[in-house]
Amino acid sequence: MGDSSQVHFIVYSDVLCPWCYNAAVTLTRLHEEVGDVLSLQWKSFLLRPVAQPKSPEAFRRYTESWMRPAAAADAGEFRTWSSQEAPPSHSIPPALAVKAAARQDAFERYHLALMHAYFAESRNVTEADNILAVARECGLDVARFERDFDDPATLAEVLADHREAVSLEIHGVPCVVVEGFPLPGAQERAVYENVLVRMLERKKVPA
C-alpha cells in the first residue's frame, strides 16, 4: 500500500521503561495483525542519558514497582530483579542496540527480546555481553551488529531522536505521536485500535 493509505504511529520509547515494554508488546501485536495499514516508527527517548550506578538491593526494591505494569492487559513478562549482575546503568547502550538491529530489519524481534531479557530474565542490557547475546539469540549477524552498534552515526541518530522528543515537549514515555497528535502513556490495546480505525476512516481506507 502507498503511504497515503497508512496511519503513522511514531513511538518515543526507552528500553529501560516498564510501561514502554507494555506498549511495545501491544503495538507489535497490533502491527502483526493489521499489517501495512499501520506504520510503526520507534524513536529513542533517554530516561537515563548518563550512567548512574545503583546498588543491587536498591534496584531490586525498585523493580517491585514493575508488578503494576505487569498487571495490565497485554503486559509483557516481568519479574523482580534476581540477578547478581549490576543493574543497568543508563539508556544509551540499549538504544544503540535496537538501532543496530533495525539496520538488519530486525527491530521488532530484537526490541522485544532485549526488553524480555531485562524485565523477565534480570539481564543487564547495558552490558555489551548481554546486548550481543540477545543479538545472537535473535539470529542476527553479530559482526555486523557490533559494527552498527559502534558506528558514530547510530549514536547521532539516538541523540537526534531524543532532542526531537524534547522539542515536541515530550517529557515521559511511552508517547505515541499519531499523524502529529501525541498520545502519551501506555494505553490499552482498544485505545490504539480506536485511534487507528478513526484515522483510517478519515483517509477513507477500509479497516
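Tutor: Buried means under 20% relative accessible area. Keep that cut-off in mind. One more point: this is a predicted model.

Student: Which residues of α4 are buried?

Tutor: They are Ile-92, Pro-93, Pro-94, Ala-95, Leu-96, Ala-97, Val-98, Lys-99, Ala-100 and Ala-101. That is 10 of the 11 residues in helix α4, which spans residues 92-102. The helix is mostly covered.

Student: What covers the buried residues of α4?

Tutor: To find cover, look for contact, meaning heavy atoms within 4.5 Å. For α4, the cover includes one strand, β2 (38-44). It also includes the helices α5 (107-119), α6 (128-137), α7 (142-150) and α8 (152-167).

Student: Let me step back. How many helices and strands are in the protein?

Tutor: The protein has nine helices and four strands. Read their order from the N terminus: β-α-β-α-α-α-α-α-α-α-β-β-α. The radius of gyration is 17 Å, close to the 17 Å that the globule rule gives for 207 residues, so the protein is as compact as a globular protein of that length.

Student: What share of the 207 residues is buried?

Tutor: Buried residues make up 51%. Now check the contacts with a separation of 6 or more. Of these, 76% are between residues 24 or more positions apart.

Student: Now the loop after α8. Why does Leu-168 count as partly exposed?

Tutor: Partly exposed lies between the buried limit of 20% and the exposed limit of 50%. Leu-168 has 47% relative accessibility, so it counts as partly exposed. Leu-168 sits in the loop between α8 and β3 (175-178). Compare its place with Ala-97 of α4: the two are 71 residues apart in sequence, and their C-alpha atoms are 24 Å apart in space.

Student: Which way do the residues of β3 point?

Tutor: Cys-175 and Val-177 point one way. Val-176 and Val-178 point the other way. All of them are buried.

Student: How many bridges join β1 to β3?

Tutor: Four bridges join them, and the strands run antiparallel. Strand β1 covers residues 7-13. Take one pair: Phe-9 has Val-178 of β3 as its bridge partner.

Student: And on the β4 side, which residue is the bridge partner of Val-176?

Tutor: The partner is Leu-183 in β4. Strand β4 (residues 181-184) pairs with β3 over four bridges, in the antiparallel sense. The two strands form a hairpin with two residues between them. In that hairpin, Glu-179 takes a positive phi near 50 degrees.

Conventions
Residues are numbered from 1 along each chain as its sequence is written. This is a predicted model: local features need pLDDT of at least 70, side-chain atom pairs count only at pLDDT 80 or more; totals for chains, interfaces and linings use all residues. Side-chain values use heavy atoms; hydrogens and water are left out. Buried means under 20% relative accessible area, exposed over 50%, partly exposed in between (1.4 Å probe, protein chains only). The radius of gyration is taken over C-alpha atoms; the globule rule is 2.2 Å times the number of residues to the power 0.38. Two strands pair if DSSP finds at least two bridges between them.
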